[in-house]
Amino acid sequence: MRTLSPDELAIELKKYLNTGIESKILKEHRSAMLLQETINIKKNNTFMQYSSLYEQARNLEKADNIDGALNIYLDILNKYIPEGSSYYERPCILLEKLKRYDEAIEICDLAIARIENYNFNFSADDFIKRLDRLIKKKNK
C-alpha cells in the first residue's frame, strides 16, 4: 500500500463525502492508520514494561545487589528491544567489573547490531570502543 499525500487524501475524502461510499484507497489508508496506531500503543506499553524493570534494576544496583540488578538487565535485553543506550551500558559496566568479559562483549555486539538494525537515536561509537577495551582485557 502506498501512502497518500495530503492532497490525494483530501480528494478521496471529498469523493467519500459526495457519494457516501468509501473508496478502496481510503479504506486502505484508514486501515494503515489504525495499524500504525495499534503498533504505537503496543510500543508504548512495551516501553513502560521494560523501563519499569530498568528502574528496579537500578535500585537493586544502588542497594549493592549486583546479581539481582544484572539478572533484570539481562532479562530486559532478552525479552525486549530497548531503545536507550543505558539499557546496554549498565549490564556491560557490571559485567566488566565482575570480569565477565565474554558476556559484556556479547552485549556490546548486541547493542551495535540493534543500533544498526533499528536506527536507534544513539551512536554505536561508545560500544565499539568498549568492545575493543573488553577484548584487550579478555586477551591479557
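Hi everyone, let's start with one residue: setting aside residues up to four places away in sequence, Ile-76 touches Tyr-50, Leu-53, Tyr-54, Pro-82 and Tyr-87. Touching here is a contact, that is, heavy atoms within 4.5 Å.

A word on the source. This is a predicted model, where local features need pLDDT of at least 70, side-chain atom pairs count only at pLDDT 80 or more, and totals for chains, interfaces and linings use all residues. Residues are numbered from 1 along each chain as its sequence is written, and side-chain values use heavy atoms, leaving out hydrogens and water.

Now, how many helices and strands does the chain have? There are six helices and zero strands, taken as DSSP runs (helices: H or I, at least four residues; strands: E, at least two) and numbered from the N terminus.

Back to Ile-76. Together with Tyr-88 and Phe-127, Ile-76 touches the most other members of the largest nonpolar core, which has 29 residues. Such a core is a set of buried Ala, Val, Leu, Ile, Met, Phe, Trp, Tyr and Cys residues joined through side-chain atoms within 4.5 Å. Two or more residues each come from H2 (24-62), H3 (66-79), H4 (86-97), H5 (101-118) and H6 (125-138). H5 gives the largest share, eight residues.

Next, meet Asp-75, found in helix H3. Is Asp-75 buried or exposed? Asp-75 counts as partly exposed because its relative accessibility is 28%; buried means under 20% relative accessible area, exposed over 50%, and partly exposed in between, with a 1.4 Å probe and protein chains only. Across the whole chain of 140 residues, 32% count as buried.
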